[in-house]
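Reader: Could you take me slowly through one loop of this model and the backbone around it, and then follow whatever it leads to elsewhere in the chain? I would like each step of reasoning spelled out.

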Amino acid sequence: MPELPEVERTRLSLAPLIGRTITTVTLRRADICDSFNALGTPHKSAPRDLLAGAKISSLTRKGKQLAIHASDGRTLCIQLGMSGTVRLLQPSTQDKGTQDSFPAHTHAVWFVDNYSQLLFIDPRRFGGLSTYPTESELHQHRWSTLGPDALTITAHDLAHACEHAHRPIKSLLLDQSALAGVGNIYADESLFRAHIHPAAHAGTLTKPQLNSLARAIRFILARAIKAGGSTLRNYADSTGTSGAAQLLHAVYGRAGKPCFACKRPLSGIRLAQRATVFCPACQPPPPKPRPQMKPA
Ligand SMILES: [Zn+2]
């Protein structure tokens, strides 16, 4: 499943599109795209909504969502879901004579300057596209439901999200409305790095713990971006370059194996409906709530 590092890698790899014009767009599956007007009312997607004729001015990201902005304001948001990828095919990487044949599950194709092609491919179709007349509708109708972006999360923002939260810190980290962009792998890795037990209640974390967790989240995500993203074994960015960040995982996928820090075996539990791996020694269990005094 693509997480924030994979989406950020994809965004960076699409930089050659900036300043170029989308000549035509083919939407091969209408049901993967929702188009909205300025009031947020959905309508049938037309090529114009999908940036036909637009000059690309910038690429942004919030959490695991990517947006392509046109110089006239039109905005296309791409959600990769469980299995979505965006591929940029330069003429040299296109098979000669197969101009009209695309990989299986290619749902949308943008022709850029009649020269290269941008493909949205999503076998499991949990991802999708949405379009807005300007960037402000994207923020108003979609990105406003997301918490602050995890790559730049501050201890202050994290403390705000954890305040009054009566649930394990791991489930809060996975909640995109609390913090945008952390999935299962990076939640476990960040908690290990910050020495925090995944079942510790978010509302009970101390200021030093919140500081160390915010720092760990930023570090783990930035390092994964540098390493090229990792979450799918065969994950590749829009140029087809595979990631190697999975080699950096200290706990994810390593239940029962020795902790890199203390050599004791890592534990695997189920938390927030997700496989969770942690070190019982380096991430000590949270203190048990004090028993209620029985009335005399
Ligand atoms: Zn350990």
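**A loop residue and its surroundings**

Author: Leu 51 lies in the loop that runs between S3 and S4. The model is a predicted one, and in it the phi of Leu 51 is near 80°, which is a positive value in a residue other than glycine. Is this residue buried or exposed? Leu 51 has 22 C-beta neighbours inside 10 Å and therefore counts as buried, the cut-off being 20 or more.

The two strands that flank this loop belong to one open sheet of 6 strands, whose order is S3-S2-S10-S6-S5-S4 and whose pairing is mixed. Strand S3 (42–43) and strand S4 (56–62) are the edge strands of that sheet, each pairing on one side only. The partner to consider for S4 is strand S5 (residues 65–70), with which S4 pairs in the antiparallel sense over 6 bridges, and within this part of the sheet Ser 58 stands opposite His 69 in S5. Helix H1 (residues 4–13) packs on the sheet here, touching both S4 and S5, and its direction makes about 170° with that of S4.

A positive phi also turns up in another loop, where His 105 has a value near 65°, again in a residue other than glycine. His 105 is placed in the loop between strand S7 (85–89) and strand S8 (106–112). With 17 C-beta neighbours inside 10 Å, however, His 105 counts as partly exposed, whereas Leu 51 counts as buried. The strands on either side of His 105 lead into an open sheet of 4 strands, ordered S1-S8-S9-S7 with antiparallel pairing. Its edges are strand S1 (22–27) and S7, each of which pairs on one side only, and neighbouring strands of this sheet are turned by 15° against each other on average when direction is ignored. S1 and S8 are joined over 5 bridges in the antiparallel sense, with Leu 27 standing opposite Ala 108 in S8.

A further positive phi, of about 60°, belongs to His 195, just after H5, and the helix itself repays a careful look. Since 10 of the 10 residues of H5 are buried, this helix is largely enclosed by the rest of the structure; among the buried residues are Asn 184, Asp 188 and Phe 192. What covers them includes helix H4 (169–174), H6 and strand S12 (274–278).

How does H5 meet one of these neighbours, H6? Two packed helices are described by the angle between their axes and the distance between the axes. The axes of helix H5 (residues 184–193) and helix H6 (residues 207–227) come within 8 Å and cross at roughly 130°, and this angle makes H5 oblique to H6. The crossing of H5 past H6 is right-handed. From H5, the residues Tyr 186, Glu 189, Ser 190 and Arg 193 take part, and they meet Leu 213, Ala 216, Ile 217, Phe 219, Ile 220, Leu 221 and Ala 224 in H6. By residue class, this contact of H5 with H6 divides into 8 nonpolar, 1 polar and 2 charged residues.

For the wider setting, the chain holds 6 helices and 12 strands, and 39% of its 296 residues count as buried. Among contacts between residues at least 6 apart in sequence, 67% join residues at least 24 apart.

Technical notes. Residues numbered from 1 in each chain as written. Predicted model: local features only at pLDDT ≥ 70, side-chain atom pairs only at ≥ 80, totals over all residues. Pairing = 2+ DSSP bridges. Contact = placed C-beta atoms within 7 Å. Axes fitted to C-alpha atoms, helices over the stretch in contact; angles between N-to-C directions. Parallel < 35°, antiparallel > 145°, perpendicular 65-115°, else oblique. Left-handed = near helix turned anticlockwise from the far one by under 90°. Nonpolar A, V, L, I, M, F, W, Y, C, P; charged D, E, K, R; others polar. Buried ≥ 20, exposed ≤ 12 C-beta atoms within 10 Å, placed from the backbone.
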